[in-house]
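Here are some short exercises on aromatic rings, surface and core, each with a worked solution. Have the model open beside you and try each task before reading on.

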Amino acid sequence: GFDPEVFFFGNDIDFCRSAWGRGLKSVQCRSICYTHFGGFNPGRLGSLYAGFRFYHRKFSGPFERLVVDAVLLAGLLARVVCFGLLYGLTRNQWAGDKLRGFVGVLRGWAKASA
């Protein structure tokens, strides 16, 4: 039931939405907790944004896709500016890693739209 076009980020919501579209239900069990031991790598930011955008290209109408892209892009630009300023002022390694990750997503933005 997983869409082979979706890799890792967004595959869960895509699966649930597709199941819902087939008349099935998705349920949550709030009494179960888990700990995710894997860390988040800034190099995966592009996949995260691509997952959001793929979901909306698949399930949303043209206007909603436009709004989603505008909101994501505005947030991305704000992050580039904020982390750019933080890194420029402090030379903090963490801020630099975040900045490079967000700039990488920004560079691939048009390509991910195709």
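**Exercise 1.** How many aromatic pairs does the ring rule give?

*Solution.* Start with the rule: rings of Phe, Tyr and Trp (its six-membered ring) pair if their centres lie within 6.5 Å, and planes under 30 degrees apart count as stacked, over 60 as edge-to-face and the rest as tilted. By this rule the count comes to five aromatic pairs. Before going on, note that this is a predicted model, where local features need pLDDT of at least 70 and side-chain atom pairs count only at pLDDT 80 or more, while totals for chains, interfaces and linings use all residues. Residues are numbered from 1 along each chain as its sequence is written, and side-chain values use heavy atoms, with hydrogens and water left out.

**Exercise 2.** Classify the pair Phe2 and Phe15, then place it in the chain.

*Solution.* Step one is the geometry: the ring centres of Phe2 and Phe15 are 4.7 Å apart and the planes are at 25 degrees, so the pair is stacked. Step two is the location, with helices taken as DSSP runs (H or I, at least four residues) numbered from the N terminus. Phe2 belongs to the segment before α1 (11-21) and Phe15 to helix α1, 13 residues apart, so the pair links distant parts of the chain. Step three is accessibility, where buried means under 20% relative accessible area, exposed over 50% and partly exposed in between (1.4 Å probe, protein chains only). Phe2, at 53%, is exposed, while Phe15, at 34%, is partly exposed.

**Exercise 3.** Now do the same for Tyr55 and Phe59.

*Solution.* Their ring centres are 5.0 Å apart with planes at 50 degrees, so this pair is tilted. Both residues lie in helix α2 (residues 45-59), four residues apart, about one turn of the helix. Tyr55 is buried at 16% relative accessibility, and Phe59 is partly exposed at 23%.

**Exercise 4.** Which residues do ring pairs link into a cluster, and which charged residue lies over the face of Trp109?

*Solution.* The cluster consists of Phe83, Trp94 and Phe102. For the charge, the test is that NZ of Lys or CZ of Arg is within 6 Å of the ring centre and within 35 degrees of the ring normal. Arg53 lies over the face of Trp109, at 3.7 Å from the ring centre.

**Exercise 5.** Which residues make up the largest nonpolar core, and which helix gives the most to it?

*Solution.* A nonpolar core is a set of buried Ala, Val, Leu, Ile, Met, Phe, Trp, Tyr and Cys residues joined through side-chain atoms within 4.5 Å. The largest one has 12 residues: Leu45, Tyr49, Val68, Leu72, Leu76, Val80, Phe83, Ala95, Leu99, Phe102, Val105 and Trp109. Two or more residues come from each of α2, α3 and α4 (93-107). The most come from α3, which gives five.

**Exercise 6.** What is unusual about phi of Arg91, and where is this residue found?

*Solution.* Most residues other than glycine have a negative phi. Phi of Arg91, however, is near 55 degrees, a positive value in a residue other than glycine. Arg91 is found in the loop between α3 and α4, and with a relative accessible area of 56% Arg91 is exposed.
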